[in-house]
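Trainee: I would like to learn how to read this model feature by feature, with the general idea before each case. Could we go through it together?

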Amino acid sequence: MPGLLLAAALLASPPAAVALDPPLQVAQYTHTSWTARDGAVLGLVFAMAQTPDGYLWIAGSFGLFRFDGLRFERWQPPDGQLLPSGPYSLLASRDGTLWIGTYSGLSSWDGKKFVYRHPQIGEGRFVTSLLEDRDGTVWAGVLGKRGELCAIRAGQVDCRAPEGGFGAFVWSLAQDRSGALWVGAESGVWRWSPGEPRRYAIPGPRMGDMTTTADGQVLAGIQRGGILQPAGDRLVPYRFRRAGKPDDWLADDEVMSNKLLRDRDGGLWIGTTSAGIIHVKDGQADTFTRADGLSGNITCSLFEDREGNIWFGSEKGLDRFRKLPVTILSTRQGLPDEVTRSVVATRDGSVWVGTGNGLARWKDDGTLQVYRERDGLPASQVRSQYQDADGRLWVNTARGLAYFANERFVAVDGGPSDHVHAMGGDAAGNLWVSGNKGLARLHKGQLVDNVAWADLGLPEEPQGILADKGGLWLSFWGAGLAFLKDGKVQATYTPAQGLGAGQVTGLRVDEKGALWAATGKGGLSRIQDGRVTTLSAANGLPCNAIHWSQQDDNGSLWMYTECGLLRVSHDDLAAWIADPNHGVTPKLWGAADGVRLTVTPPAYYNPDVAKGPHGKFWFVGAGEVQIVDPYHMPSNPVPPPVHIETLVADHQNHPVANGLRLPALSRDITIEFAALTLADPKSTRFRYRLEGHDNDWQEAVDRRLATYTNLPPGHYRFRVKAANNSGVWNEEGAQLDFSILPAFYQTTWFRVACAVAFIGLAWGGFQLWLHMRIRRLHREFEATLEARVAERTRIARDLHDTLLQRFHGPLLELQAVLNLLPDRPRESKQILTRAVDHVAEAITEGRDTVQALRTSVLETNNLSGALRELAENLAHESGHAASAHVEVHGTPQLLHPIVRDETFRIAGEALRNAFRHADAKRIDVEIRYDPHLLCVRVRDDGKGIDPEVLSRGEKEGHFGLGGMHERAKLAGGKLAVRSGPGAGTEVEFSAPGSQAYGKPSSARSRILRRLFAPSPIGK
């Protein structure tokens, strides 16, 4: 029996850590807390579950809540249904159903249908725990008058209790690796199936929660009774040590467990009744309480979501713990001081961290040891470190040098410098020490020489030193590099030779013999065979301030920079080495991934980075030690489910459903969406597009809405995709089809009707315009025709009174000649001569009439020239000694065609009367162009006109005066004739300038020219 108990105890104790890396403690997770001050008014957080759509469901004493990582939404069933009071336990089964255990029964919600209370687990039965086994059966633990275990299969509920009973309640459920179902009840721990139920008695006062170990064995938490594990027919303690204290085991009454959770990494999370969280990894336990930032110390629930986040529910709020790619070591993990200065990995598998209060050593077995003065160090303030070619560790402290031998440090008397920034060794066994007093060389622990920097021709002391090719590379605080060999500087490199600008740090030589130098302002420089190339922001780096560089075992390049930790893949790096203009695509881990950022160099002393025996990088940054595993970088592989949550149009919420039809004239449309990633929701990236409006995808980071204004009526499809904090995209995303109804005036039939109406109005307007134009042209034509008829009537009268009458007399005389011949030839000749004279006079008068019809100024619009020419012709024909004088006053203007021709004919008629009838000695023609009036006067000094003829307006049988009055009226002007016997005659025609100088439209001009063009009458 004692042997059995010993074996059980050995089985119950977790194995000791066998790796160098210290177990990850809860304080090294990133922690976020939500309380009532953050909007998490949840009450006591009793349970949590995550449905396939990504939402985290929270059963609190204030109700059931749904959480998307940013917002808490109190949930109620649809269609006005109510949720039973007191949600206490939750389970999201594999078919997507959310099972809700309450104080008064079991409810469920499958996303479409809500079941208020399942039969046989009715009112008055408190569902305390829920579990889905491997076969898909849902198990419910019930508290009531007697505890029961209910199985739900294919919609059927079967509730049972073992012989002897569970007591008043079933408190917790678990399934081990073999598939056995375990029940934690008031009467003890029961192995329920397969086979007959078997009871294990518990030593404590009350049963707590249950979970499994990393290898699938059941663990049971007993309040004030520790953690127990079945071994044979007994429950034996499951024990663990305090972190960093190999011999300090936690007592059972210190655990006080209430909730248990085993995470996917094998860590055990113990939620206590009053002391926050106990986290156990690799057999070492650490704690996290309200003093560390936890929302509360009373554990009500623990849950791990599908992205690996650990959720803690307390009496005051909700907490999330997330594992980060970069782990921070602090005094909580055993560092002797918060300020670290250097780190080095030795060949025995240890990692040494120099701090302000001792030298911490993590051995390969995971144990930690701290060295101080008692262990031989000259001082506990450790600065630079170096391991020489013989494997000896050298340490510089505030009081000098020491080396490690036989598990102790041996001080070296007479150290060369007060401040040693860096140390380096060569293949000959020399140790080179760079300090404030110069460059010292030690051999076999003895000081050989110490040369001042000025004697070496260097302006300042280097802060970095690296032995290579029989010489030393030296880097400086200011800028630049120097290669020292045989006591002389053989080469220097500055930004003028292509070296990056700023302080040079992080020297290393790769396997091909190339030197890599990190610079504070200009990127990462590489020197090989005297050629300098620099990898910088011009090649795709997000920043130029580089603190150090390292290569992992796969050949990828890692850099610690002011903007985070960078990795350039092996292939990308090889392409840049071959072509320095090649652009690289680095992967960046920033502050959200646990990287402590710093602008200045991370350590004043060297080295500041070490590659551990398992390939992990240990480095000093912002005064802390950071660890990164290049081969196991935590990432989130789960694409975030994407949901379109609301659509608001003109401040009116609309149900999110495909085929949604928005009212007409919906102007402002806002679509809210969410991506259900709970790890780091604020780093979520979105791409959205409104098909039918956007030409391309729109990018958004931590912005969860899209706004559109003044969308025209039509059909639209809104699509949205999302990526989680690791850049994993959900390409399927979510989409919503909706349409905006048109207003009546935006419909096709309205547009067609408007087009038809417009065409009709246009046609009607055209018809009206055409009708009015025809009427106007008709009126103008009638007026012109009337004037033309009057003119031709006058011409006909002239022809009748002159030419016809003249020819009538010669006709009678010719008849008389005909009657007299041949008997009376003499008389016949006299009569014939008189007839010839009469015919000549008739021909002259006919020519005058034709000349009046043909003469016009239409061609030249030169009124004065035309009147001069007419006067000359009349004087020549009549043989009159007098001549006409034409004077022009004002600037000649282009005249309206009608005014122009009628004015000419009025003046021409006056000139004919003066030349032929007035017996005038002087004739004057005056043309006056005033801006507002056209005036033409014809004056002669002839015998004048009989007053009686002048008063009547015409001479009987003649139409001269009457014709001039008619022409004046047609031209829109006034005619005045002043005369008297022996007083001469004055004819004055005047017309308003607006009428005389008017410019008719081209169409009107063509019509007028057509109507008033002179008749083609030959002479």
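Trainee: Which residue is the bridge partner of Trp190 in strand 17?

Mentor: Two strands pair if DSSP finds at least two bridges between them, and the strands themselves (E, at least two residues), like helices (H or I, at least four residues), are DSSP runs numbered from the N terminus. Here the bridge partner of Trp190 in strand 17 is Arg199, and strand 16 (residues 188-193) runs antiparallel to strand 17, with three bridges joining the two. Before we go on, please note that this is a predicted model, in which local features need pLDDT of at least 70 and side-chain atom pairs count only at pLDDT 80 or more, while totals for chains, interfaces and linings use all residues. Residues are numbered from 1 along each chain as its sequence is written, and side-chain values use heavy atoms, with hydrogens and water left out.

Trainee: In what order do the strands of the open sheet with strand 14 and strand 17 come, and which strands are at its edges?

Mentor: The order is 14-15-16-17, four strands with antiparallel pairing. Strand 14 (170-175) and strand 17 (198-200) are the edge strands, each of them pairing on one side only. From one strand to the next the twist averages 25°, where axes are lines fitted to C-alpha atoms, for helices over the stretch in contact, and angles run from 0 to 180 degrees between N-to-C directions.

Trainee: What is the order of the open sheet that contains strand 48?

Mentor: That sheet of four strands has the order 48-49-50-51, and its pairing is antiparallel. Strand 48 (504-509) and strand 51 stand at the edges with a single partner strand each, so one side of each is left without a neighbour in the sheet. On average, and with direction ignored, neighbouring strands of this sheet are turned by 20° against each other. Strand 48 is joined by four bridges to strand 49 (residues 515-519), with the two running antiparallel, and within strand 49 it is Ala518 that stands opposite Thr505.

Trainee: How many disulfides are there?

Mentor: A disulfide is a covalent bond between the sulfur atoms of two cysteines. When a disulfide is taken as a pair of cysteine sulfur atoms within 2.5 Å, the count comes to two disulfides. Counted along the chain, the bonded cysteines follow the pattern 1-2, 3-4.

Trainee: Which cysteines are joined, and why is one disulfide right-handed and the other left-handed?

Mentor: Cys150 is joined to Cys159, with an S to S distance of 2.0 Å; the torsion about their S-S bond is about 105°, so this disulfide is right-handed. Cys543 is joined to Cys563, with S to S at 2.1 Å, and here the torsion about the S-S bond is about -70°, so the disulfide is left-handed. Because Cys543 lies in the loop between strand 51 (531-535) and strand 52 (546-551), and Cys563 in the loop between strand 53 (557-561) and strand 54 (564-568), the pair ties together parts that are 20 residues apart in sequence.

Trainee: Is Cys543 buried or exposed?

Mentor: Buried means under 20% relative accessible area, exposed over 50%, and partly exposed in between (1.4 Å probe, protein chains only). With a relative accessible area of 8%, Cys543 is buried, and both Cys150 and Cys159 are buried as well. Cys300 counts as buried at 9% relative accessibility, and Cys935 is buried with a relative accessible area of 6%.

Trainee: How many residues of strand 72 are buried, and which strands are joined to strand 72?

Mentor: Strand 72 (residues 985-992) is mostly covered, since seven of its eight residues are buried. Eight bridges join strand 70 (residues 933-940) to strand 72 in an antiparallel manner, and Val936 stands opposite Phe989 in strand 72. Strand 71 (residues 974-979) also runs antiparallel to strand 72, with six bridges joining them, and Ser979 stands opposite Thr985 in strand 72. Strand 71 and strand 72 form a hairpin with five residues between them, and Gly982 in the turn has a positive phi of about 75°.

Trainee: Which residues of helix 9 are buried?

Mentor: In helix 9 (residues 960-970) the buried residues are Gly960, Leu961, Gly962, Gly963, Met964, Arg967 and Ala968. Gly972, whose phi is positive, near 80°, follows helix 9.
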